[in-house]
Amino acid sequence: MGFTVSRFITLQFCSFDSFWGKAIPWFTQGDVGHVDAVLPDGSLLGAQHEAGLGGPDVPAGVQIRPANYGDTSGMTGRIRVPLPATDGQADTFWSFLQAQIGKPYDVTAIEAFIAGRNWHDPDAWFCSELIAAALEHAGVFPYPLSSPANRVTPASLLLVCSALAETVPA
């Protein structure tokens, strides 16, 4: 499976009207609790903790979900960030994400906000860590992220990305 890419990498940040959807923004002191990459056809690629988001056969973890999966799962406060990227950066970003499809959601990531872990560990992904690793791998950030080894939250990633591009309500 391949992707057609543009000169922008668009990310969609949001929250969910659920226990964890409210707990993550509260705990991380941000307005958002989730992030997906927006594919050219509008579908969303990201790491989700819950199976069935996007359809009954969509497992948890890193998956491509329909553009409207948030409509039935209580998605709120959508913000899009179109990050400028060269063709090479966009290709590398999407190749990295494609290689992660099927990997599990990192269920320890929430605990790691307190306990610690390496957010670069490629065996399982928390949503913002997956996207941050892909952006870093593609060279979209001019320098490696300087963050604690245990934590890249959706809110902190939105802050970094908003320094590179305008945020747009979705």
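This is a short tour of the structure, stop by stop, with something to select at each one.

**Stop 1: the whole chain**

Before selecting anything, keep in mind that you are looking at a predicted model. Show the protein chain as a cartoon, and you will find six helices and six strands. Followed from the N terminus, the elements come in the order β-α-β-β-β-α-β-α-α-α-α-β. Now switch on a surface. The accessible area of the protein chain is about 8,100 Å², and 57% of that belongs to carbon and sulfur atoms. Of the 170 residues in the chain, 48% are buried. The chain also brings together residues from distant parts of its sequence: among contacts between residues at least 6 apart, 66% join residues at least 24 apart.

**Stop 2: the sheet**

Next, select the strands and hide the rest for a moment. In what order do the six strands of the open sheet lie? Reading across, the order is S4-S3-S2-S1-S5-S6, with antiparallel pairing. At the edges are S4 and strand S6 (168-169), each of which pairs on one side only. As background, strands of a sheet pair through backbone hydrogen bonds, and the pairing may be parallel or antiparallel.

**Stop 3: walking from S1 to S4**

Select strand S1 (residues 8-16) together with strand S2 (residues 34-38). Five bridges hold this antiparallel pair, and leucine 11 has alanine 37 in S2 as its bridge partner.

Stay on alanine 37 and look to the other side, where leucine 45 in S3 stands opposite. S2 and S3 run antiparallel and are joined by two bridges. The two strands form a hairpin with five residues between them. Click on glycine 42 in that turn: its phi is positive, at about 95°.

Now move on to strand S3 (residues 44-48) and S4, an antiparallel pair joined by five bridges. Two of the facing residues are easy to pick out here. Leucine 45 stands opposite isoleucine 64 in S4, while alanine 47 stands opposite valine 62 in S4.

**Stop 4: inside S3 and S4**

Show the side chains of S3. In a regular strand, side chains alternate between the two faces of the sheet. Which residues of S3 point one way, and which the other? Leu44, Gly46 and Gln48 point one way, Leu45 and Ala47 point the other way, and all are buried. Because five of its five residues are buried, S3 is largely enclosed by the rest of the structure. Strand S4 (residues 61-65) has four of its five residues buried, so S4 is largely enclosed as well.

**Stop 5: a helix across the sheet**

Bring the helices back and select H5 (residues 127-138). This helix lies across S1, S2, S3, S4 and strand S5 (75-84), and runs at about 45° to S2.

Add helix H6 (residues 154-162) to the selection. Two packed helices are described by the angle between their axes and the distance between the axes. For H5 and H6, the axes come within 8 Å and cross at roughly 30°. To see the contact itself, show Cys127, Ser128, Ile131, Ala132 and Leu135 in H5, which meet Pro154, Leu157 and Cys161 in H6. The residues of this contact divide into seven nonpolar, one polar and no charged.

**Stop 6: two cysteines**

Keep cysteine 127 on screen and add cysteine 14. Why is there no bond between these two? Their sulfurs are 8.1 Å apart, too far for a bond, because a disulfide needs the sulfur atoms within 2.5 Å. For cysteine 14, the sulfur of cysteine 127 is the nearest cysteine sulfur. A search of the whole structure finds zero disulfides. Both residues are hidden from the surface: cysteine 14 is buried at a relative accessible area of 0%, and cysteine 127 is buried at 2%.

**Stop 7: alanine 85**

Finish by selecting alanine 85, in the loop between S5 and helix H3 (87-100). Is alanine 85 buried or exposed? With a relative accessible area of 7%, alanine 85 counts as buried. Show what lies around this residue: leaving aside residues up to four places away in sequence, alanine 85 touches Arg7, Phe8, Ile9 and Ala90. For a last distance to draw, pick the C-alpha atoms of alanine 85 and phenylalanine 141. These two residues are 56 apart along the chain, and their C-alpha atoms are separated by 9.9 Å.

Note on methods. Residues are numbered from 1 along each chain as its sequence is written. This is a predicted model: local features need pLDDT of at least 70, side-chain atom pairs count only at pLDDT 80 or more; totals for chains, interfaces and linings use all residues. Side-chain values use heavy atoms; hydrogens and water are left out. Axes are lines fitted to C-alpha atoms, for helices over the stretch in contact, and angles run from 0 to 180 degrees between N-to-C directions. Contact means heavy atoms within 4.5 Å. Ala, Val, Leu, Ile, Met, Phe, Trp, Tyr, Cys and Pro count as nonpolar, Asp, Glu, Lys and Arg as charged, and the others, Gly among them, as polar. Buried means under 20% relative accessible area, exposed over 50%, partly exposed in between (1.4 Å probe, protein chains only). Two strands pair if DSSP finds at least two bridges between them. Accessible areas come from the Shrake-Rupley method with a 1.4 Å probe; for residues, only the protein chains shown count as cover.
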